[in-house]
Amino acid sequence: MSTGTGKYERLLRQCANLDPVPTAVAHPCEKTALAGAIEAGQAGLITPILVGPAGKIEDIARSAGINLGKTEIIDTPHSQASAAKAVEVVRGGRAELLMKGSLHTDELLGAVVARETGLRTGRRISHVFVMDVPTYHKVLIVTDAAINISPGLEEKADICQNAIDLCISLGLARPKIAILAAVETVTSKMPSTIDAAALCKMAERGQITGGVLDGPLAFDNAISEEAAEMKGIVSEVAGDPDILLVPDLEAGNMLAKQLSFLANADSAGLVLGARVPIVLTSRADSLRSRIASCAVAVLAAHARRKNIKSPVHA
């Protein structure tokens with residue numbers, strides 16, 4: 001993993017003067033999951049509320065040397081109950097963020113999308129990786145690599161808007177979105193190129209707001225201004241995107257993992273489109289990635305506070 005290029009650290013500096021955000025941590029019943037939540041609390045990013053089997057959480061803390069201090073624990077019997085209770089804590093207004101512990105992502109998201117008791121909005125839920133790539137000049141967001149398997153045009157529009165709203169909450173006034181495909185020309189043989197062209201037109205018509213879209217763009221043309229120039233592509237986005245919108249989950253997942261394991265990128269995971277941001281962490285995440293995930297979520301939560309009278313989608 002990367003040793004630090006300063007991009008995540010800039011996010012942390014943005015959080016320096018912000019109040020910690022109350023966060024419901026669902027089923028932190030494994031060492032790294034529990035440590036991540038406590039470390040984020042010690043860093044002043046969140047105030048964790050641990051939701052899970054109290055005895056098990058305390059046993060893990062003792063064996064791992066984790067100091068729980070006065071951290072609140074809400075006792076639940078198993079992971080499914082932990083997910084439901086953590087969502088209930090958010091719905092009740094006691095927490096402004098939701099964090100995944102050691103339960104399966106499907107369990108947590110099942111509670112999130114429950115029709116009567118979940119955290120749905122009118123927006124499609126989607127995932128982003130906020131990536132610190134050592135060879136790229138700024139934080140790069142890849143979406144969607146974890147939730148929407150084969151999104152259609154309307155789902156892609158929501159995925160795009162979720163990512164734009166997140167970028168704005170991170171302080172970017174006009175984020176640039178490269179809509180990826182295998183080629184940069186529109187062809188009926190590749191439906192993703194047609195979707196890309198339609199998304200750009202939707203942005204022109206105000207159906208997607210707040211960002212600058214261009215696509216279809218092949219990956220080289222999206223990332224490299226020189227490659228775009230060689231192809232004769234005139235684009236405000238080429239060479240400087242903030243967001244890479246991939247055609248489907250498989251492409252996004254492979255792209256993110258290639259950046260992590262071939263380019264030594266760190267990745268912070270977040271779910272958007274629910275009532276509150278949802279922090280997704282995994283056992284493989286570095287401490288730096290876990291803290292960065294919380295920092296991004298905290299910035300999004302504080303942006304939500306400012307816009308609390310408006311519909312919440314990020």
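Let's start with what lines the largest pocket. Its lining residues divide into eight nonpolar, eight polar and three charged. This is a predicted model, so keep that in mind throughout. The pocket holds about 490 Å³ of space. In total, 19 residues line it. Which of them lie nearest the centre? Those are Phe-129, Lys-257, Ser-267, Ser-282 and Asp-285.

Now the elements around that pocket. Strand S5, residues 126-132, gives two or more residues to the lining. So do helix H10, 249-262, and strand S10, 266-272. H10 supplies the largest share, with five residues.

On to the closed spaces. How many cavities of 30 Å³ or more does a search of the whole structure find? Two.

Take the largest cavity. About 40 Å³ of space lies inside. From the sequence's early part, Thr-32, Ala-33, Gly-36 and Ala-37 are in the lining. Met-99 and Lys-100 line it too. Thr-281, Arg-290 and Cys-294 complete the list. By type, that is four nonpolar, three polar and two charged. Three elements each supply at least two residues: helix H2 (31-42), strand S4 (97-100) and H11. H2 has the largest share, four residues.

The second largest cavity has a volume of about 30 Å³. Its lining includes Lys-156, Ile-179 and Leu-180. Ser-192, Asp-195, Ala-196 and Leu-199 are also there. Leu-245, Val-246 and Pro-247 finish the set. The split here is seven nonpolar, one polar and two charged. Strand S7 (176-180) and helix H7 (191-204) each give two or more residues. The largest share, four residues, comes from H7.

Stay with H7. Does its length come out as expected or not? At 1.5 Å a residue, its 14 residues should span 20 Å, and the end C-alpha atoms are 20 Å apart, so the two agree. The buried residues of H7 are Ser-192, Thr-193, Asp-195, Ala-196, Leu-199, Cys-200 and Met-202. Four of those names came up a moment ago: Ser-192, Asp-195, Ala-196 and Leu-199 also line the second largest cavity. What do the buried residues of H7 pack against? H6, S7, strand S8 (212-217) and strand S9 (243-245). After the helix comes Gly-206, with a positive phi near 80 degrees.

Next, H6, one of the elements that H7 packs against. H6 covers residues 153-169. Its 17 residues should span 24 Å at 1.5 Å a residue; the end C-alpha atoms are 24 Å apart, so this helix agrees as well. Buried positions in H6 start with Lys-156, Ala-157, Ile-159, Cys-160, Gln-161 and Asn-162. Then come Ala-163, Ile-164, Leu-166, Cys-167 and Ser-169. Lys-156 has a second role in this account, as a lining residue of the second largest cavity. Gly-171 follows H6, and its phi is positive, near 105 degrees.

Look at Ser-169, in H6. Is Ser-169 buried or exposed? Its relative accessibility is 15%, and the cut-off for buried is under 20%, so Ser-169 counts as buried. Setting aside residues up to four places away in sequence, Ser-169 touches Leu-299, Ala-300 and Ala-303.

That takes us to Leu-299, which lies in helix H11. Leu-299 has 7% relative accessibility, so it counts as buried. With the same neighbours in sequence left out, Leu-299 touches Leu-11, Gln-14, Cys-15 and Leu-18. Ser-169 and Leu-170 are also on its contact list. How many residues apart along the chain are Leu-299 and Cys-15? 284, yet their C-alpha atoms are separated by 6.8 Å.

Last topic: the nonpolar cores. The largest has 57 residues. Leu-34, Leu-166 and Leu-213 touch the most other members. Helix H11, residues 287-306, provides the largest share of this core, ten residues. Leu-166 we have met, as a buried residue of H6.

Leu-213 deserves its own list. Leaving aside neighbours within four places in sequence, its contacts include Cys-160 and Ile-164, both buried in H6. Ile-177 and Ile-179 are in contact with Leu-213 too. So are Leu-199, Cys-200 and Ala-203. Ile-208 and Val-237 close the list.

There is also a second, separate core, of 24 residues. Among them are Ala-26, Val-90, Val-112 and Val-276.

Definitions and conventions
Residues are numbered from 1 along each chain as its sequence is written. This is a predicted model: local features need pLDDT of at least 70, side-chain atom pairs count only at pLDDT 80 or more; totals for chains, interfaces and linings use all residues. Side-chain values use heavy atoms; hydrogens and water are left out. On a 1 Å grid over the protein atoms alone, a cavity is a set of points where a 1.4 Å probe fits but cannot get out, and a pocket is an open set with protein on both sides within 12 Å along at least five of seven lines; lining residues have an atom within 4 Å of a point. Grid points are joined across faces, edges and corners, and a volume is the space filled by probe spheres set on the points. Ala, Val, Leu, Ile, Met, Phe, Trp, Tyr, Cys and Pro count as nonpolar, Asp, Glu, Lys and Arg as charged, and the others, Gly among them, as polar. Buried means under 20% relative accessible area, exposed over 50%, partly exposed in between (1.4 Å probe, protein chains only). Contact means heavy atoms within 4.5 Å. A nonpolar core is a set of buried Ala, Val, Leu, Ile, Met, Phe, Trp, Tyr and Cys residues joined through side-chain atoms within 4.5 Å. The expected span of a helix is 1.5 Å times one less than its number of residues.
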